[in-house]
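User: I am new to this kind of model and would like to learn how to read its features one at a time. Could you take me through some of them?

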Amino acid sequence: MTTRAAQSAIIPCLLVLLLSSNYLCAQDSVAEAAPAASDDSQPGKASEAASAAETSNVLEKSLRSMFQEKQSPLLHIRWGTRIYVDAPIGNEPEGASLVLRKAELKLSRAFGKNFQLKLSGNYNQGEFKAGDSYLVYSGWKRAILTTGVQDPPFSLESSTTSSATSFMENALPVAALSENKNAGVDFLKRTPNSIFNVSWVFYNPHVRGVSETGQALVARYALSPINFHGRKNFHVGWSLSYRKLRSGAEVQFKTRPEVATADVHYIDTGNIDNARDVLRSGLEATQIYGRFSWQTELLSSRVTRDNDDNVRFWGAYFHVSQFLTNDSRNYDQGSGTFVNVVPSSPLGRGKGWGAFELAFRASYADLSDKDIIGGRESNLSLGLNWYLNEKIRLMANMVKVLDVDRPGSEYDGLDPMIYAVRAQWLIY
């Protein structure tokens with residue numbers, strides 16, 4: 001069975017398992033409630049209505065529990081999950097199909113007031129691998145120390161959880177040039193209007209088919225909120241990463257065309273031999289103004305090679321977001337990132353229909369320099385998000401690839417129109 005076929009089989013099985021477990025709990029609860037209904041000395045319409053109401057309440061509580069983080073009563077271990085299912089509309093990129101983009105299981109436990117342990121793993125496009133797994137110390141007033149596997153603090157969009165971004169996938173330069181998930185020690189210092197995050201990376205797990213050996217020092221600084229020409233709620237920041245590679249190491253930069261329904265990379269440097277170190281840098285800015293927000297970043301990477309010229313790659317993106325309902329993106333000043341949107345009128349609560357967001361993004365990445373012909377790509381993307389509540393989101397993305405400039409590649413000159421949708425389900 002191919003990887004794509006296996007994922008197509010796993011998706012319905014996983015959903016059925018989650019739904020059936022809650023349904024069985026509901027049946028048990030109804031069975032326990034049944035004797036109380038049978039005690040009615042005059043069965044009739046009133047008792048039938050009461051029994052129906054009881055069953056409805058139990059089913060409603062069971063359904064609600066499907067979207068709440070669970071906790072073991074004996075070990076006090078909390079668990080939750082994230083499930084993303086992506087589907088193409090059409091056959092672009094070539095070979096696009098239904099894919100289980102992410103199925104993550106998270107376990108966490110607090111030890112006293114100041115320590116928390118988190119373990120997670122996920123199934124991601126046919127591959128099982130470790131997720132964020134670390135120990136946190138939060139005993140200081142304005143600082144946090146974390147050790148373990150995590151995303152290094154590089155780039156606003158890369159540091160923002162995937163459940164809080166406006167598009168299904170990160171922008172071209174973020175996906176291509178940011179640091180991958182690594183293991184190390186991370187220190188976060190907060191002030192009333194800024195954050196400083198620094199991480200020492202000493203272990204590099206194999207991620208996305210790319211492994212960068214050696215050690216790295218990664219830092220991110222963000223200032224928010226600030227006033228600029230009389231406007232408030234501006235966020236500005238920078239990121240810097242220096243990675244010292246092992247002798248004779250190889251590095252690689254690549255990105256999908258901002259969808260993951262096919263495992264293709266229109267631009268890809270391939271392995272860059274004899275790399276000595278990698279210097280990454282980034283500038284970021286964003287602002288929330290009621291329902292409207294914008295966000296932009298400029299990223300670059302320089303690879304120093306033994307006995308050869310240095311090569312530099314770069315990219316940038318700009319995106320705007322406009323909510324059609326009385327909602328906005330949710331910015332967390334304590335981390336300098338965006339967090340999940342919480343609709344003001346969730347679906348099913350009164351006359352609420354959830355939150356609707358319309359987003360537009362322009363992105364560009366250049367992975368060609370000197371003898372490295374990784375290619376250049378420009379994209380325009382349109383996204384529509386429906387947040388039914390804070391746990392369920394439906395997404396639709398349209399990505400227009402303006403041009404792929406990668407001489408000698410099968411993708412050179414491509415300019416497809418790509419459509420994809422996602423169902424996102426959170427339990428946390």
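User: Let us start with a single residue: in which strand does Gly237 lie?

Analyst: This is a predicted model, so each statement here describes computed coordinates. Gly237 lies in strand 11, and the residue before it in our discussion, Val236, belongs to that strand too, which covers residues 231-251.

User: Is Gly237 buried or exposed?

Analyst: The general idea is to compare the relative accessible area with a cut-off, and a residue is called buried when the value is under 20%. Gly237 has a relative accessible area of 10%, and therefore counts as buried. Val236 stands at 32% relative accessibility, so Val236 counts as partly exposed.

User: Which residues does Gly237 contact, leaving aside its neighbours within four places in sequence?

Analyst: Gly237 is in contact with Tyr221, Ala222, Gly282, Leu283 and Glu284 once those neighbours are set aside. Val236, under a similar exclusion of residues up to four places away, touches Tyr221, Ala222, Leu223, Ile226, Glu284 and Ala285.

User: How can distance along the chain be set beside distance in space?

Analyst: One takes two residues and gives both their separation in sequence and the distance between their C-alpha atoms. For Gly237 and Ile195 these are 42 residues and 9.3 Å, while for Val236 and Tyr221 they are 15 residues and 8.5 Å. Another pair is His76 and Arg109, which are 33 residues apart along the chain and have C-alpha atoms separated by 6.5 Å. His76 is found in the loop between strand 1 (70-71) and strand 2 (78-88), and with a relative accessibility of 40% it counts as partly exposed.

User: What share of the contacts in the whole protein joins residues at least 24 apart?

Analyst: Among contacts between residues at least 6 apart in sequence, 63% join residues at least 24 apart. The protein has four helices and 22 strands, and 46% of its 428 residues count as buried. Its accessible surface comes to about 20700 Å², with 58% of that belonging to carbon and sulfur atoms.

User: What should I look for in the backbone angles?

Analyst: Most residues other than glycine have a negative phi, and most peptide bonds are trans, so departures from either pattern can be picked out. Asn274 has a positive phi of about 55° although it is not a glycine; this residue lies in strand 14, residues 272-289, and is partly exposed with a relative accessible area of 40%. Asn307 likewise has a positive phi, near 55°, but its place is the loop between strand 15 (292-305) and strand 16 (311-323). With a relative accessible area of 84%, Asn307 counts as exposed.

User: Where are cis peptide bonds found?

Analyst: One cis peptide bond joins Glu92 and Pro93, with omega about -10°, and Pro93 sits in the loop between strand 2 and strand 3 (99-111). A cis peptide bond also joins Ser224 and Pro225, again with omega about -10°, and Pro225 is placed in strand 10, residues 215-228.

User: How many cavities of 30 Å³ or more are there?

Analyst: The count comes to four cavities of that volume or more, and the largest cavity holds about 60 Å³ of space. Its lining includes Ser163, Asn340, Tyr387, Lys391 and Arg393, and by class the lining has four nonpolar, four polar and three charged residues. Strand 21 (392-405) and strand 22 (417-427) each supply at least two residues of this lining.

User: How much confidence does the predictor place in the model?

Analyst: The mean pLDDT of the protein is 84, and 79% of its residues reach 70 or more. Over residues 11-42, however, pLDDT stays under 50, and the model has 24 contacts beyond four places in sequence for this stretch. Over residues 62-67 the pLDDT is also below 50, and that stretch has 15 contacts in the model beyond near neighbours in sequence. Where pLDDT is low, the predicted coordinates should not be read in detail.

How values were computed. Residues numbered from 1 in each chain as written. Predicted model: local features only at pLDDT ≥ 70, side-chain atom pairs only at ≥ 80, totals over all residues. Heavy atoms only, no water. Buried < 20%, exposed > 50% of the residue type's maximum accessible area, 1.4 Å probe, protein only. Contact = heavy atoms within 4.5 Å. Areas by Shrake-Rupley, 256 points an atom, 1.4 Å probe, with all protein chains shown as cover. pLDDT = per-residue confidence, 0-100. 1 Å grid on protein atoms, 1.4 Å probe; cavity = no way out; pocket = protein on both sides within 12 Å on 5 of 7 lines; lining within 4 Å. Points joined across faces, edges and corners; volume = space filled by probe spheres on them. Nonpolar A, V, L, I, M, F, W, Y, C, P; charged D, E, K, R; others polar.
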